[in-house]
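The exercises below are meant to be worked with the sequence and the coordinates open side by side. Each consists of a task, followed by a solution that proceeds in steps.

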Amino acid sequence: TDPCAAPPIPEPKTPIANRVVLVLVDGLRYSEGLGHPTRQYVPNMDSIAQQGVIIEPFFNDGVTVTVEAIPAVMTGSWIGTTSFFDPDCQVDSIFSNTPYVHEYIRRQLGFSAQDCVYVLGPYCPWRGSFHPSYGPDYWPQWISTGGGDDANWMETQNLLQTTKPRFLTLYLPDVDHAGHDGNWTEYLAAIEHADEIIGELWTWIQSDPDYADNTVMLITNDHGRHTSNFQGHGDGCIGCRQIQCLAIGPGIRSGLISTMERTIPDIAPTLARLLGAEAQFSSGEIMTEILEPEMFLRGDANMDGVLDLSDVVTNLGVLFQGMPNTCHAALDNNDDNSLDVADPIHLLTYLFQAGQVPSMPYPNCGIDPTGATLSCVSHLRCD
Ligand SMILES: [Zn+2]
Ligand SMILES: [Zn+2]
C-alpha cells in the first residue's frame with residue numbers, strides 16, 4: 001500500500017442522536033457562568049446542566065483567543081489556521097488546517113449544506129479546511145446575519161422552523177464584546193441574555209415534533225477572561241482557561257457532573273460521534289463518559305451474536321495487530337476493565353475447558369451492571 005495515500009473515509013456509525021445543536025458563548029468567564037456559587041446569571045444553563053451533563057473541569061488548553069479557539073472547537077485540534085484571500089467575500093480571511101466537524105459529517109453522512117448550518121455575525125466567516133478528502137464541498141452553510149446575539153437567534157429560529165437543519169451551530173458574540181467594553185453591568189446583562197436565548201432554544205427544541213427527544217444540545221465557550229480583570233483575555237490564567245461544557249438530549253447521561261477533565265479538542269469528535277461520523281484527524285477524543293452506556297455482549301468481539309473461536313481471533317487481532325473495534329467493553333472477557341492477553345485466554349477457557357461463564361452482559365445484550373470504564377461506541381449486534 002502507498003504510505004502517502006490518504007486514509008480511508010470512515011464508514012457511518014449508528015447515530016446516537018438525529019440532530020445536534022451547538023451553542024458557542026464567546027468569552028463567558030466560568031466565575032460568572034456555571035462556576036458562580038449560585039449560578040444566578042445563568043439559570044437556564046443551570047437547569048440544563050442539572051438535567052443533562054456538565055463537565056467540570058473543562059478547559060481551553062490552547063490559546064485563549066477566539067481566532068484560535070473557535071477553529072479548535074470546529075476541528076477538534078489546535079493545528080490552527082492559514083491566512084488567505086477569500087475569493088467568495090473578497091477580503092483577507094483564514095481557513096483551518098484540518099477539517100471542520102461539519103466536513104466530516106457532510107462527507108461521511110451525506111448531509112447537505114442546508115442540513116449543516118453555522119449562524120454567526122461576520123459577513124466573511126472563517127473557513128473550513130482544504131483537506132483533499134474533505135474541503136470546500138463539505139463546508140457548513142455559513143449564515144451571516146451581520147448582527148449580534150439577537151440577530152443570530154432570530155435567524156436560528158427562522159431556520160429551525162423552515163429548513164430544519166440537522167446540525168446547527170449558533171454563535172453568540174455579545175458577552176465577549178461587553179466584557180471588552182469594560183462595563184461590568186453590561187457584561188452581566190449580556191450573560192443573562194445569552195442564557196435566556198439558550199433557555200428559549202431548548203424549550204423550542206423540545207416543543208417541535210422534528211426536534212423533540214432526538215436533538216442533543218451542547219453549549220460551550222471558546223475562552224474565559226482574566227481572573228483579575230474581566231476586560232481582557234488571552235493568556236494562560238485560570239480565568240481565561242476554564243470554560244463551560246454542558247450537554248443535554250438523547251444518549252446523553254442525565255444529572256451527571258462528569259469530573260474527568262476535558263478540553264476543547266474533545267468537542268468535535270463527540271459531536272461527530274453523536275450523529276454517526278468520525279472526526280478522523282482530530283487530536284481529541286469522544287467524551288464517552290457523558291454518553292449513556294451502550295449495550296453490548298461480553299466476549300462477542302466480532303459482533304455476530306455468538307461466542308466462538310472467531311471471537312478469540314478477533315480479540316487477539318485487536319490486541320496485537322491493531323485491528324479497529326468499536327466496542328472495547330465487549331473484549332473485556334474477564335471484566336477487569338482492561339484489555340490484555342488474559343481476555344482471549346479467559347474466553348478460550350470458557351469455550352473449550354468449561355471455564356467461567358462471561359459476566360453480564362451475557363448471554364443477552366445489555367449494559368455492564370458493574371459499570372464499564374472501557375468504551376463501547378457501537379456493538380453491531382446490540383445497537
Ligand atoms: Zn475577546
Ligand atoms: Zn487571563
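**Exercise 1. Cis peptide bonds**

Where is the place of proline 361? Locate also the cis peptide bonds that precede proline 361 and proline 57.

Solution. Bear in mind from the outset that the model is predicted. Proline 361 has its place in the segment after α10, and the peptide bond that leads to proline 361 from methionine 360 is cis, its omega being near 5°. Turning to proline 57, one finds this residue in the loop between β2 (53–55) and β3; the bond from glutamate 56 to proline 57 is again cis, with omega near 15°.

**Exercise 2. The site of zinc ligand 2**

Identify the protein donors of the zinc ion (ligand 2), and explain why the arrangement is called tetrahedral.

Solution. Step one is to list the donors, which are His226 through ND1, Asp235 through OD, Cys237 through SG and Cys240 through SG, at 2.0 to 2.3 Å from the ion. Step two is to place them along the chain, where their spacing reads H-x8-D-x1-C-x2-C. Step three concerns the geometry: the four donor atoms subtend angles of 98 to 135° around the zinc ion (ligand 2), and because four donors count as tetrahedral if all angles lie between 85 and 135 degrees, the arrangement is tetrahedral. Step four compares two of these donors by their accessibility: aspartate 235 is partly exposed, with a relative accessible area of 38%, whereas cysteine 240, at 0%, counts as buried.

**Exercise 3. The site of zinc ligand 1**

Which residues are the protein donors of the zinc ion (ligand 1), and is the site irregular or tetrahedral?

Solution. The donors are two OD atoms of Asp176, together with NE2 of His180 and NE2 of His233, and they lie 2.0 to 2.6 Å from the zinc ion (ligand 1). The four donor atoms show angles of 54 to 142°, and the site is irregular. In sequence the donor residues follow the spacing D-x3-H-x52-H. The two histidines link distant parts of the chain, since histidine 180 belongs to helix α5 (residues 174–181) and histidine 233 to the loop between β9 (215–220) and α7 (238–241), 53 residues apart. With a relative accessible area of 35%, histidine 180 is partly exposed, while histidine 233, at 16%, counts as buried.

**Exercise 4. Strand β9 and its partners**

Determine how β9 is covered, and with which strands β9 pairs.

Solution. Begin with the cover: six of the six residues of β9 are buried. In a regular strand the side chains alternate between the two faces of the sheet. Sorting the residues of β9 by side gives Thr215, Met217 and Ile219 on one and Val216, Leu218 and Thr220 on the other, and both faces are covered. Next consider the pairing: strand β1 (residues 19–25) runs parallel to β9 over six bridges, and within this pairing valine 20 has valine 216 as its bridge partner. Four bridges join β9 to β11 (residues 245–248) in the antiparallel sense, with alanine 247 of β11 as the bridge partner of leucine 218.

**Exercise 5. A three-stranded sheet**

What is the order of the strands in the open sheet of three strands, and which are its edge strands?

Solution. The order is β10-β3-β13, and the pairing is mixed. The edge strands, each pairing on one side only, are β10 (242–243) and β13 (262–263). Strand β3 (residues 58–59) is joined to β13 by two bridges and runs parallel to it; phenylalanine 58 has arginine 262 of β13 as its bridge partner.

**Exercise 6. A nonpolar patch and positive phi values**

Which residues make the nonpolar surface patch of about 380 Å², and where are lysine 164 and alanine 354 found?

Solution. The patch is made by Leu309, Val313, Leu348 and Phe352, with α9 (309–321) and α10 (342–353) each supplying at least two of its residues. Leucine 348 of this group lies in helix α10 and, at 32% relative accessibility, counts as partly exposed. Alanine 354 is found in the segment after α10; its phi is positive, at about 55°, although it is not a glycine, and its relative accessible area of 72% makes alanine 354 exposed. Lysine 164, in the loop between α4 (149–161) and β8 (167–172), likewise has a positive phi, near 50°.

Terms used:
Residues numbered from 1 in each chain as written. Chains lettered and ligands numbered in written order. Predicted model: local features only at pLDDT ≥ 70, side-chain atom pairs only at ≥ 80, totals over all residues. Heavy atoms only, no water. Donors = N, O, S within 2.8 Å, 3.2 Å for Na, K, Ca; no water. Tetrahedral: all angles 85-135°; square planar, octahedral: opposite > 155°, others 65-115°. Buried < 20%, exposed > 50% of the residue type's maximum accessible area, 1.4 Å probe, protein only. Patch = residues over 30% accessible without salt bridge, like charges linked within 9 Å, V, L, I, M, F, W, Y side chains within 5 Å. Areas by Shrake-Rupley, 256 points an atom, 1.4 Å probe, with all protein chains shown as cover. Salt bridge = Lys/Arg side-chain N within 4 Å of Asp/Glu carboxyl O. Pairing = 2+ DSSP bridges.
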